[in-house]
Amino acid sequence: MRNNLPKSYSQYDQLTVCSNKILGGGHIMSIGDVLPLIIGAGDKPQIWLQAASDGQSKNYISIVENSVSKHPAIDIIELSGVITVKLQGKAILSVKSTSEKSAVVELMDFRLIGFNIYGDSSSLKVGGSTFTGNTMSGGGVLIGLG
C-alpha cells in the first residue's frame, strides 16, 4: 500500500497525532506493507481507513475512502473544520485541519476496528506503550507493526 497511495492523496507538511508530530510527510501507522490509516491534505482532511476484517490484522476492509463512508456502520461528520469518523455512534477518529498544510489528530480509538491503538490530544497508546511529544520527519511511519 505504501507504493500504492490513493491518486487524490496529498501529504501534510505537518501532521500532529495525539501530541506526536510527523513533519515533511509520512504516515501514522503501517502493518507490514499496509497503511490502514492515511490522512491527506485538501479543502478538509482527507481520510482513508481500513479495519481488520478477521480479528488477526491480516485481512482488511476499506471503511472510509477520501473521507466518505464505505460501510453502513460508519458515519462521517464534518463540523467547523473537524472531520469525525464514528462507528455505531462512537467516535474512532477526529482530525482537525489547522491550515492548508497542517492538521491535528485530536482523537483516535481503533480498538473497535481491530487495532489496540488509541489516544487523545495528550498521548498515543499502542499496545502497552505510550507515545507523547515525539517528532518524526523524513517521510517514514510513526508506528510500524508486523
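**Exercise 1.** How many residues in the lining of the largest cavity are nonpolar, how many polar and how many charged?

*Solution.* Start with the model. It is predicted: local features need pLDDT of at least 70, side-chain atom pairs count only at pLDDT 80 or more, and totals for chains, interfaces and linings use all residues. Residues are numbered from 1 along each chain as its sequence is written, and side-chain values use heavy atoms, without hydrogens and water.

Next, list the lining (residues with an atom within 4 Å of a cavity point; a cavity is a set of points, on a 1 Å grid over the protein atoms alone, where a 1.4 Å probe fits but cannot get out). It consists of Tyr 9, Tyr 12, Leu 15, Ile 22, Gly 25, Gly 26 and Ile 39.

Now sort them. Tyr, Leu and Ile count as nonpolar, and Gly as polar. The result is five nonpolar, two polar and no charged.

**Exercise 2.** Find which residues salt bridges join into one network.

*Solution.* Apply the cut-off: a side-chain nitrogen of Lys or Arg within 4 Å of a carboxyl oxygen of Asp or Glu. Asp 109 and Lys 90 meet at 3.6 Å, N to O. Asp 109 lies in strand 11 (residues 102-109) and Lys 90 in strand 10 (residues 90-99), so the pair ties together parts 19 residues apart in sequence. Strands are DSSP runs (E, at least two residues), numbered from the N terminus.

Arg 111 and Asp 109 also form a salt bridge, at 2.8 Å, N to O. Shared partners thus join Lys 90, Asp 109 and Arg 111 into one network.

Technical notes. 1 Å grid on protein atoms, 1.4 Å probe; cavity = no way out; pocket = protein on both sides within 12 Å on 5 of 7 lines; lining within 4 Å. Helix = DSSP H or I, 4+ residues; strand = E, 2+ residues; numbered from the N terminus.
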